[in-house]
Amino acid sequence: MGLLDKLVDLSLNNNHLSGSIPSDLGLLGRLTALSLFNNQLSGNIPSELEFLGQLQQLFLQNNQLSGNIPSELGLLSKLNYLYLNNNQLFGNIRTELGLLTRLQELDIGSNSISGTIPGELQHSIVLQILYLDHNYLVGTVASEFSNWIDLTDLNIGNNQLTGELSSIANMKSLQALVVSDNRFSGNLENLFEGTNSSNSIETVDV
């Protein structure tokens, strides 16, 4: 696979592929899109993917991948879309993901991720879609996350998050919000106190 060094788009999704993701994929330095979703891939996400410096889209969802999210993914500075959902990943959300300042969509839902939502994610200020649902996340939704002014879809449901939701009120572009099945507290009115005519939330699931 690593000999195909002129590839810019590799799509192997929707098959019955098994085994691990080959580390040789890191040799495909011209890749801008890598799609391996809807297979039966297992094992770790290879850290060698860090060498895909032109990568803009990485779709690994709906497999059986395990292990930690590699910190090296934070080196993919041109990444716009990162989908790791519906796998068997564990460990924390890597703080290095906050280095992905061009990231528009991030889905880590339906894994076994634990720990807190790292404050470093606030640096991904162009985020539009963020799904962290169905994990084991704890802690609060930090006030710094109000920097996500372009965020339209936020799903942090089915975790063990606590505290109040007032910081979400400043996310002016939200259209879909799911925070159900957590341990949030406080006054529900605080969630909407910052809303105005420019805020067009269409779906709320608390």
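1. A residue is taken as buried when its relative accessible area is under 20%, and as exposed when that area is over 50%, with partly exposed in between. On this basis S124 is buried, because its relative accessibility is 1%. The model under review is a predicted one, and the points below should be read accordingly.

2. Surroundings of S124. This serine belongs to the loop that links β10 (112–115) with β11 (129–131). Once residues up to four places away in sequence are set aside, S124 touches L97, G98, L100, T101 and W148. A loop position is thus combined here with burial, since S124 has a relative accessibility of 1%.

3. Overall architecture. The protein chain contains 1 helix and 17 strands. Its C-alpha trace extends over about 60 × 30 × 25 Å along the principal axes. For 206 residues, a compact globule would be expected to have a radius of gyration near 17 Å, and the 18 Å of the protein chain agrees with this. Where contacts join residues at least 6 apart in sequence, 46% of them link residues at least 24 apart.

4. Burial and surface. Of the 206 residues in the protein chain, 45% count as buried. The exposed surface amounts to about 9,400 Å², and carbon and sulfur atoms supply 45% of that area.

5. Charge. The protein chain carries 7 positive and 20 negative side chains. The centres of these two sets lie 11 Å apart.

6. Nonpolar core. The largest nonpolar core has 49 residues, and the members that touch the most others are L34, L58, L82, L154 and I168. For L82, the contacts beyond its neighbours within four places in sequence are L58, L97, L100, L103, E105, L106 and D107. L58 therefore appears both among the core members with the most such neighbours and among the contacts of L82. L97 and L100 are contacts of L82, and S124 touches L97 and L100 as well.

7. S71. This residue sits in the loop between β6 (64–67) and β7 (81–83). S71 counts as partly exposed because its relative accessibility is 24%. Apart from neighbours within four places in sequence, S71 is in contact with R94 and E96. With E96 the sequence separation is 25 residues, while the C-alpha atoms of S71 and E96 are separated by 5.8 Å.

8. T140. The loop between β12 (136–139) and β13 (153–155) holds T140. Its relative accessibility is 45%, so T140 counts as partly exposed. Leaving out residues up to four places away in sequence, T140 touches T162 and G163. The C-alpha atoms of T140 and Q160 are separated by 9.3 Å, with the two positions 20 residues apart along the chain counted as their separation.

9. Positive phi at N14. Although N14 is not a glycine, its phi is positive, at about 60°. N14 lies in the loop between β1 (9–11) and β2 (18–19). N14 is partly exposed because its relative accessible area is 48%.

10. Positive phi at D181. This aspartate likewise has a positive phi of about 60° without being a glycine. D181 occurs in the loop between β15 (176–178) and β16 (183–184). With a relative accessible area of 54%, D181 is exposed.

Technical notes
Residues numbered from 1 in each chain as written. Predicted model: local features only at pLDDT ≥ 70, side-chain atom pairs only at ≥ 80, totals over all residues. Heavy atoms only, no water. Core = buried A, V, L, I, M, F, W, Y, C linked by side-chain atoms within 4.5 Å. Buried < 20%, exposed > 50% of the residue type's maximum accessible area, 1.4 Å probe, protein only. Contact = heavy atoms within 4.5 Å. Helix = DSSP H or I, 4+ residues; strand = E, 2+ residues; numbered from the N terminus. Rg over C-alpha atoms; globule rule 2.2 N^0.38 Å. Areas by Shrake-Rupley, 256 points an atom, 1.4 Å probe, with all protein chains shown as cover. Lys, Arg positive; Asp, Glu negative; His and termini not counted. Charge placed at Lys NZ, Arg CZ, Asp CG, Glu CD.
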